[in-house]
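Dear colleague,

I am passing on to you a structure that you have not worked with before. Please open it first, and then read the notes below with it in view.

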Amino acid sequence: MANTAKLSREERKKAKRAARKKRKAEKPLKPRDYPRGSKKPKVKKLARGQAKR
């Protein structure tokens with residue numbers, strides 16, 4: 001991405017958005033091969049402490 005220091009705020013937003021869209025088109029994320037959330041650590045309710053009471 002080009003140097004955006006000299007651009008106005010709105011121009012900078014446009015430039016960054018364009019760069020994000022371009023990157024997404026060039027390098028799409030591969031689909032996950034595991035269920036979403038399955039790698040989160042499982043925590044017992046008692047271990048959460050005061051938050052659940």
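The notes below go from the overall form of the chain to its charges and then to its salt bridges.

Please keep in mind throughout that this is a predicted model, and that the values I quote were computed from it.

As to the overall form, the chain has one helix and zero strands. Its radius of gyration is 21 Å, whereas the globule rule gives 10 Å for 53 residues, so the chain is more spread out than a compact globule. The C-alpha trace, followed along its principal axes, spans about 55 × 30 × 15 Å. Of the 53 residues in the chain, buried ones make up 2%, and the accessible surface comes to about 5900 Å², with 55% of that surface belonging to carbon and sulfur atoms.

Turning to the charges, the chain carries 24 positive and 4 negative ones, and the mean positions of these two sets are 13 Å apart. On the surface there is a patch of positive charge, in which Lys16, Arg17, Arg20, Lys21, Arg23 and Lys27 gather. One of these residues, Lys27, is found in the segment that comes after helix α1, which runs over 9-26, and with a relative accessible area of 64% Lys27 is exposed.

Side chains of opposite charge can pair when their charged atoms come close. How many salt bridges does a search of the whole structure find? The search finds two, and I describe them in turn.

In one of them, Glu10 is paired with Arg9, and the closest N and O atoms of this salt bridge are 4.0 Å apart. The partners do not fall into one accessibility class: Glu10, at 45% relative accessibility, counts as partly exposed because the exposed class begins over 50%, while Arg9 is exposed with a relative accessible area of 58%.

In the other, Lys22 forms a salt bridge with Glu26, where the closest N and O atoms are 3.6 Å apart. Lys22 and Glu26 are four residues apart in helix α1, and they are therefore separated by about one helical turn. Lys22 counts as exposed at 54% relative accessibility, and Glu26, whose relative accessible area is 54%, is exposed as well.

If you look through the model yourself, the positive patch that includes Arg20 and Lys21 and the salt bridge between Lys22 and Glu26 are the places where I would begin.

With kind regards

Conventions. Residues numbered from 1 in each chain as written. Predicted model: local features only at pLDDT ≥ 70, side-chain atom pairs only at ≥ 80, totals over all residues. Heavy atoms only, no water. Helix = DSSP H or I, 4+ residues; strand = E, 2+ residues; numbered from the N terminus. Rg over C-alpha atoms; globule rule 2.2 N^0.38 Å. Buried < 20%, exposed > 50% of the residue type's maximum accessible area, 1.4 Å probe, protein only. Areas by Shrake-Rupley, 256 points an atom, 1.4 Å probe, with all protein chains shown as cover. Lys, Arg positive; Asp, Glu negative; His and termini not counted. Charge placed at Lys NZ, Arg CZ, Asp CG, Glu CD. Patch = residues over 30% accessible without salt bridge, like charges linked within 9 Å, V, L, I, M, F, W, Y side chains within 5 Å. Salt bridge = Lys/Arg side-chain N within 4 Å of Asp/Glu carboxyl O.
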